[in-house]
Amino acid sequence: METVGYVVRPIASEAELKKVIEINMVTLPEHYPYFFWYEHFELWKDIFLVALVGENIVGYNMCRIEYGLGHVRRGIVKQGHVVSIAVLPEFRRRGIATALMVNAMNAMKDKHGAGEVYLEVRVSNEPAIRLYEKLGFRKVKILKKYYLDGEDAYLMAREL
Ligand code: ACO
Ligand code: ZN
């Protein structure tokens with residue numbers, strides 16, 4: 001198999017944001033209004049990452065920073081929240097999502113001082129659950145009927 005290199009870096013423009021939204025539309029059932037994407041683009045650029053193969057965006061990881069009750073630490077903590085991550089089907093199983101996660105987690109810790117990171121994932125989404133477990137996330141709890149279609153979510157988290 002020919003290996004194709006990729007680059008992971010922060011999102012750079014609103015044109016790139018539009019590409020990210022296109023990828024979201026074809027890869028996930030969870031979509032968001034434009035202002036929600038734009039808020040993350042404006043406020044948390046250094047943890048809103050894209051993956052490029054050549055000149056094309058093939059994946060993204062949109063994150064935010066929150067304060068909340070710790071999922072793996074005690075008390076109120078600064079938390080990174082992975083809101084949405086996806087890689088186009090033809091570019092999967094090459095480590096791109098891993099790179100998107102590792103880079104985002106490093107920036108959450110080093111640039112924002114976050115002490116933990118969490119996310120929600122469909123209980124049926126085995127590829128994503130495996131990815132997160134491989135990265136050291138653990139299932140913290142089940143959020144019943146978290147999704148609009150009634151499916152439950154696992155809340156998964158790890159220390160940073
Ligand atoms: N089956 C089993 N394990 C898998 C699979 C799969 N289809 N895909 C990834 N994994 C696990 C494997 O352990 C893999 O390591 P390996 O290839 O050495 O075995 C590890 O995850 C890392 O895989 P990556 O290559 O880094 O992941 P990839 O770039 O393929 O992207 C992703 C994974 C993001 C889950 C991709 O399948 C995708 O875009 N799915 C649709 C969108 C989605 O479900 N996003 C997550 C929703 S939850 C949220 O956004 C918070
Ligand atoms: Zn979430």
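Trainee: How many salt bridges does the count come to?

Mentor: Nine, in this predicted model. Side chains of opposite charge can pair when their charged atoms come close.

Trainee: What makes Arg73 and Glu159 a salt bridge?

Mentor: Their closest N and O atoms are 3.4 Å apart. The cut-off is within 4 Å, so the pair qualifies. Arg73 sits in the loop between strands S3 and S4, and Glu159 in strand S7, so the bridge ties together parts that are 86 residues apart in sequence.

Trainee: Why is Arg73 called partly exposed?

Mentor: Partly exposed runs between 20% and 50% relative accessible area. Arg73 has 33%, so it falls in that range. Glu159, at 43%, is partly exposed too.

Trainee: What about Asp149 and Arg122, how do you know that they form a salt bridge?

Mentor: Check the distance again: 2.9 Å between the closest N and O atoms, and the limit is 4 Å, so they count. Asp149 lies in the loop between strands S6 and S7 and Arg122 in strand S5, so this pair ties together parts that are 27 residues apart in sequence.

Trainee: Buried or exposed: which word goes with Asp149, and which with Arg122?

Mentor: Asp149 has a relative accessible area of 56%, and exposed means over 50%, so Asp149 is exposed. Arg122 has 12%, and buried means under 20%, so Arg122 is buried.

Trainee: Lys139 and Glu133 have their closest N and O atoms 3.9 Å apart; what makes that a salt bridge?

Mentor: The rule says within 4 Å, so 3.9 Å passes. Elsewhere, bridges that share partners join Glu30, Arg122, Asp149 and Glu151 into one network.

Trainee: Now the zinc ion: which residues coordinate it?

Mentor: His81 through NE2 and Glu120 through OE, at 1.9 to 2.0 Å. Donors have to be within 2.8 Å of the metal, so both make the cut. His81 is in strand S4 and Glu120 in strand S5, 39 residues apart.

Trainee: Why is His81 called buried?

Mentor: Its relative accessible area is 10%, and the buried cut-off is under 20%, so the label fits.

Trainee: And what makes the approach of Thr98 to ligand 1 a polar contact?

Mentor: An N or O atom in the Thr98 side chain is 2.6 Å from a ligand 1 oxygen. Polar contacts are N or O pairs within 3.5 Å, so this one counts. Taken alone, ligand 1 exposes 990 Å², and the protein buries 81% of that.

Trainee: Last one: why does Ile76 count as exposed?

Mentor: Ile76 has 62% relative accessibility, and exposed means over 50%, so that settles the label. Ile76 also forms a nonpolar surface patch with Tyr67 and Leu69, with about 410 Å² of accessible area together.

Notes. Residues are numbered from 1 along each chain as its sequence is written. Chains are lettered from A and ligands numbered from 1 in the order in which they are written. This is a predicted model: local features need pLDDT of at least 70, side-chain atom pairs count only at pLDDT 80 or more; totals for chains, interfaces and linings use all residues. Side-chain values use heavy atoms; hydrogens and water are left out. Patches are made of residues with over 30% relative accessible area and no salt bridge: like charges are joined within 9 Å, nonpolar side chains (Val, Leu, Ile, Met, Phe, Trp, Tyr) within 5 Å. Accessible areas come from the Shrake-Rupley method with a 1.4 Å probe; for residues, only the protein chains shown count as cover. A salt bridge is a side-chain nitrogen of Lys or Arg within 4 Å of a carboxyl oxygen of Asp or Glu. Buried means under 20% relative accessible area, exposed over 50%, partly exposed in between (1.4 Å probe, protein chains only). A polar contact is a pair of N or O atoms within 3.5 Å; within protein, one must be able to donate a hydrogen and the other to accept it, and residues adjacent in sequence count only if both atoms are side-chain atoms. Donors are N, O and S atoms within 2.8 Å of the metal (3.2 Å for Na, K and Ca); water is not among the atoms, so sites may look incomplete. Helices (H or I, at least four residues) and strands (E, at least two) are DSSP runs, numbered from the N terminus.
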